[in-house]
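Reader: I would like a close look at a single part of this model. Please keep it brisk.

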Amino acid sequence: MLLSKATRYLPFKVDRTLLIAFLVIPAIHISFCKLSASIALEQGMTPIWPSTGVYLAAILLFGYRLFPAICFSELLANFTLWQSTYPKNTLAVSVLFLACSTVDSLIVPLLYKHWIPQGNFFSRVQNIFKYALIILPSPLVNTTIGITLTCWGGAAPWEVYWDYWRQWYVMTIATLFTLTPIILAWAPQTKHLVRFNKRQLPELGLTILILGLICQILFITKSPLEYFLLVPLLWSAFRMGARVATGLLLLVEIAVLTAAKFQMGSFADKSVFESMLLLQSFMAFAALVTFATLAIVNENKKAELQLRQAKNELEQRVQERTAELNEAKVLAERANQAKSEFLANMSHELRTPLNGILGYAQILQRSRTLNNNDQKGVNIINQCGEHLLMLINDVLDLAKIEARKMEIHPKDTHLPSFLQSVVEISRIRAEQKDIDFIYIADPNLPTGVQIDEKRLRQVLINLLGNAIKFTDIGSVTFRVSAVLNPDITDVPIWKFRFEVEDTGVGMTSAQLEKIFLPFEQVGKVEKQTEGTGLGLTISQTIVNMMDGTIEVESSLNQGSRFWFEVEFPEAQDWIITSRVTPLGTVIGYRGDYRYKLLIVDDRWENRSVMSNLLKPIGFEIIEAVNGQEGLDKVHSLHPDLIITDLAMPVMNGFEMVKQIRLSEIFKDLTIIASSASVFEFHRQEARAAGCDDFIPKPVQAEELLHQLQHYLQLNWIYEEIATIQPEFTPSSQSDSDIWAIPEINHLQPLYAAVQRCRVAEIQTAAKQIKELDTQYSPFANKVLNLADEFDMDGIAALIEPYL
């Protein structure tokens with residue numbers, strides 16, 4: 001409060017800086033007075049008066065607000081200094097000396113701030129010479145007043161007035177030109193374009209050593225070699241920045257002053273006035289050369305930075321011009337990206353209602369109250385839904401390709417059974433058109449390989465399907481060969497060649513140029529309605545991801561030949577593992593504990609599907625329509641497992657999962673994401689947010705039950721299925737011991753029908769097996785029962801061990 005009142009009536013702001021200055025500046029001044037007295041030569045003349053340089057630097061750095069502290073310091077020091085010389089007029093003399101000593105502190109900063117930018121003293125050479133012009137006339141007033149008072153008081157005779165006047169004037173010039181810039185160089189406000197690097201420490205040590213050797217020679221031998229000291233100073237100015245260079249300059253001037261004090265060096269051989277003038281001239285010249293060199297280096301550095309900036313601007317302009325030239329390409333890519341996003345979004349929107357269709361179809365398939373006709377109708381709904389899902393997946397594959405999100409996931413595979421499944425599917429299609437299907441396999445094919453079954457099957461079925469579609473008479477030949485790469489010994493690598501040849505309609509050279517373009521269909525017009533024109537585009541991309549290329553040769557009305565070569569590593573320690581699907585319907589799980597499942601989804605049909613699938617099995621179902629409600633029910637009801645959608649209003653699934661994982665109580669709770677967005681990066685985002693697994697929509701009951709069994713460690717209870725034929729009786733023995741299994745050539749058509757989910761074809765193949773021999777009746781009856789339940793996985797698990 002007292003400070004604020006005092007500030008109201010004072011021209012200077014009373015703040016912490018000013019208070020510190022009232023304590024620090026007098027202490028520095030008195031110390032410098034004693035230092036100046038200690039280095040004074042004969043007749044009390046001192047070569048430099050450091051206080052003047054400190055005052056000026058303080059005003060230049062902190063402004064005129066420090067002037068009261070400077071006046072107080074000067075008055076206090078003068079009173080102490082002149083008390084013995086002027087015992088009666090000490091105060092008056094102190095005031096007069098105060099007036100003459102503070103003139104420089106008032107005039108020089110005013111001109112300095114007008115001519116030289118703040119903080120840029122060493123940035124330009126002209127700043128150095130401007131500063132020299134500023135300080136040259138400023139000591140005239142204080143020198144005249146000071147010498148007059150000194151002679152008037154009897155401290156010096158009037159006869160040497162002009163010698164003393166010259167010495168005082170040069171002393172002030174040397175002080176202002178030497179000490180003030182050194183203080184400015186070390187001030188935080190000063191800008192430095194060149195800075196000292198720690199790696200230059202050896203160079204700095206060598207420079208100091210050279211300065212020391214020159215000083216030793218100079219002072220001991222009294223040789224006139226003082227200007228040799230400028231060489232290391234110039235080197236430091238060029239190489240080490242302003243602070244190091246001015247620091248070395250200060251060391252050199254201290255050494256020279258010390259030598260002059262003790263009559264060492266060439267300055268000691270002259271009269272006191274001549275020695276003083278030579279010493280001060282050397283100090284001023286050394287400072288001028290050092291500061292000018294620093295300014296030159298900074299100007300060069302600034303010019304280099306400006307040149308670099310101009311170069312960057314030029315490069316930027318070139319890039320801008322290049323971008324303008326590629327604008328059409330960018331616009332096309334944006335349009336293509338928009339199309340990909342549209343396809344992905346449409347796939348998501350189509351999957352959502354399809355989830356309800358397939359979900360309830362699976363629920364109704366497990367119902368025991370429907371008659372045969374209703375059951376067949378439900379099967380047809382499920383087949384149509386599966387077909388629609390396959391079409392959506394094709395569109396989604398195209399979106400993945402254009403968004404560069406399609407990936408290859410190889411795994412150990414039993415190659416013969418994989419190829420046989422592809423062959424049987426294609427053979428049935430060929431038989432339906434009454435054309436021959438020829439499969440030629442290299443006998444040296446490896447048994448196990450690492451491949452992406454889904455993607456390779458997609459390519460082969462597309463090529464074979466096209467060959468069959470465009471062939472009405474003749475045959476389709478599928479050849480597979482492989483050669484072992486002898487250069488690789490760690491893991492055997494096989495080079496496969498897959499070739500599809502037909503005797504169909506063929507293509508012209510113009511049509512061959514367009515067959516791999518999206519949405520392009522060639523061939524007969526009546527055949528084009530059977531596809532979308534995406535198959536070969538997708539297939540070519542998949543093969544490219546396998547480091548191969550689909551090649552084609554074709555002649556119009558003679559046929560076509562497609563082939564590609566890819567390399568796959570051999571799976572030496574492969575194990576054939578068939579998914580063991582219980583032969584029956586899940587009706588519950590063992591144990592008395594009732595698990596609570598939280599279903600979080602904003603669509604009622606999705607929640608309804610889950611609820612109707614899981615409630616009859618014995619689960620307690622909790623529903624929530626968004627992430628916030630789900631989070632609240634997690635804390636209040638403590639579910640055992642969560643199945644959540646990802647895109648929801650209020651709070652999405654990602655945020656809800658993150659909130660749950662932050663809780664100490666629920667951080668280990670199992671969370672399964674379920675979404676119609678099935679890009680790989682969506683799965684990765686779900687896992688990154690904290691989900692344990694992912695189920696794509698439409699939800700497949702088998703996959704859902706499999707994940708519940710895995711994460712909750714469940715043992716399912718299955719409903720026994722009664723056999724149709726009385727000749728099949730349960731036994732304690734395994735099914736494989738009771739049933740007679742037909743030969744593989746009779747199982748392959750049945751398995752191909754299962755792969756295509758064709759119930760009618762499965763029933764026909766099973767009846768044909770039953771008619772072969774009565775011993776096959778139990779097996780055929782089991783297949784027919786599973787076909788009535790539309791349990792394709794159960795039939796596949798029954799057949800696969802014998803293929």
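In β5, which residue is the bridge partner of V476? Please set the pairing in its sheet, then add what you can on the helices.

Author: The model is predicted. Start with the pair you ask about. The bridge partner of V476 is D502, in β5. Two strands meet here: β4, residues 475-484, and β5, residues 493-502. Their pairing is antiparallel and runs over 9 bridges. In general, strands of a sheet pair through backbone hydrogen bonds, in a parallel or an antiparallel sense.

Now the whole sheet. It is open, has 5 strands, and its pairing is mixed. The order reads β2-β4-β5-β7-β6. At the edges stand β2 (436-441) and β6 (551-555). Each has a single partner strand, so one side of each lacks a neighbour in the sheet. From one strand to the next, the twist averages 10°.

Next, the helices. Helix α9 covers residues 161-185. Its 25 residues should span 36 Å at 1.5 Å a residue. The end C-alpha atoms are 36 Å apart, so the span agrees with the expected one. Helix α9 is also mostly covered, with 21 of its 25 residues buried.

Helix α2 spans residues 16-38, and L23 sits in it. L23 has a relative accessible area of 66%. The cut-off for exposed is over 50%, so L23 counts as exposed. L23 also helps make a nonpolar surface patch, together with I20, V24 and I28. The patch measures about 350 Å². An α-helix has 3.6 residues a turn, so residues three or four places apart point the same way.

Conventions:
Residues are numbered from 1 along each chain as its sequence is written. This is a predicted model: local features need pLDDT of at least 70, side-chain atom pairs count only at pLDDT 80 or more; totals for chains, interfaces and linings use all residues. Side-chain values use heavy atoms; hydrogens and water are left out. Helices (H or I, at least four residues) and strands (E, at least two) are DSSP runs, numbered from the N terminus. The expected span of a helix is 1.5 Å times one less than its number of residues. Buried means under 20% relative accessible area, exposed over 50%, partly exposed in between (1.4 Å probe, protein chains only). Patches are made of residues with over 30% relative accessible area and no salt bridge: like charges are joined within 9 Å, nonpolar side chains (Val, Leu, Ile, Met, Phe, Trp, Tyr) within 5 Å. Accessible areas come from the Shrake-Rupley method with a 1.4 Å probe; for residues, only the protein chains shown count as cover. A salt bridge is a side-chain nitrogen of Lys or Arg within 4 Å of a carboxyl oxygen of Asp or Glu. Two strands pair if DSSP finds at least two bridges between them. Axes are lines fitted to C-alpha atoms, for helices over the stretch in contact, and angles run from 0 to 180 degrees between N-to-C directions.
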